[in-house]
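Student: Please take a close look at one part of this protein with me. I would like to study its largest pocket and the strands around that pocket.

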Amino acid sequence: MTRSLATLTDLVAAVRQAIDVRTGWTDTSELVADQLRAHLPGPGILTPDQRLGRPDRVVGHLLHAEPDGAFSILGLVWRPGQTTRIHDHITWCVVGVLSGIEHEELFDEALNPIGTRDNPPGEVSGFAPPGDIHRIRNVGDETAISLHIYGTDITRVGSSARRYYN
């Protein structure tokens, strides 16, 4: 078994343990973020082909979907300049940056900017609705890779985004 697969196996077990606490979304996102910090893999969690990304959009690779729908783990690849639209989420989310720097813009309910942060490799953050309106952008010169853990089965719902804003 490769190190990346062992790391993913360990991470999945740790996320299950955090979710089994059965608390609210905000606390769950914090518990899962703690587990991701302790089990954060490197970019090798994705294959070399997956790490290439796509020139036309951010691309996500499903790494795990919990059979009971409790969570999903995706690897996202951001080429330089790629960005999301401003959006919020249908559930809690935890993000860990594996390579590159992801620039995040935060917004309030009226879409007023309330902050920004640059998330370098090793940075892990968790959040839950409400108060999760943001946009992520790769402002660097190299491809950025991040691991996203969502409190739902993405294969069933199609997207973690609840709403997109102009």
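**The largest pocket and its strands**

Tutor: In this predicted model, 22 residues line the largest pocket. Leu76, Tyr150, Ser159, Ser160 and Tyr164 lie nearest its centre. The volume of the pocket is about 440 Å³.

Now look at where the lining comes from. Two or more residues each come from strand E1 (59-65), strand E2 (72-78), strand E3 (86-89), strand E8 (134-138), strand E9 (144-150) and strand E10 (161-165). E2 gives the largest share, three residues. Sort the lining by class: eleven residues are nonpolar, ten are polar and one is charged.

Next, follow some of these strands into a sheet. Strands of a sheet pair through backbone hydrogen bonds, either parallel or antiparallel. Here five strands form an open sheet, with antiparallel pairing. Read the order as E1-E2-E9-E4-E7. E1 and strand E7 (124-127) are the edge strands, and each pairs on one side only. On average, neighbouring strands of this sheet are turned by 20° against each other, direction ignored.

Zoom in on E9, which gives residues to the pocket lining. E9 pairs with strand E4 (residues 93-99) over six bridges, in the antiparallel sense. Take Gly96 as an example: its bridge partner in E9 is Leu147.

Finally, find helix H2 (residues 25-38). H2 lies across E4, E7 and E9. The helix runs at about 20° to E4. E9 therefore appears in each part of this tour: it lends residues to the pocket lining, pairs with E4 and has H2 lying across it.

Technical notes: Residues are numbered from 1 along each chain as its sequence is written. This is a predicted model: local features need pLDDT of at least 70, side-chain atom pairs count only at pLDDT 80 or more; totals for chains, interfaces and linings use all residues. Side-chain values use heavy atoms; hydrogens and water are left out. On a 1 Å grid over the protein atoms alone, a cavity is a set of points where a 1.4 Å probe fits but cannot get out, and a pocket is an open set with protein on both sides within 12 Å along at least five of seven lines; lining residues have an atom within 4 Å of a point. Grid points are joined across faces, edges and corners, and a volume is the space filled by probe spheres set on the points. Helices (H or I, at least four residues) and strands (E, at least two) are DSSP runs, numbered from the N terminus. Ala, Val, Leu, Ile, Met, Phe, Trp, Tyr, Cys and Pro count as nonpolar, Asp, Glu, Lys and Arg as charged, and the others, Gly among them, as polar. Two strands pair if DSSP finds at least two bridges between them. Axes are lines fitted to C-alpha atoms, for helices over the stretch in contact, and angles run from 0 to 180 degrees between N-to-C directions. Contact means heavy atoms within 4.5 Å.
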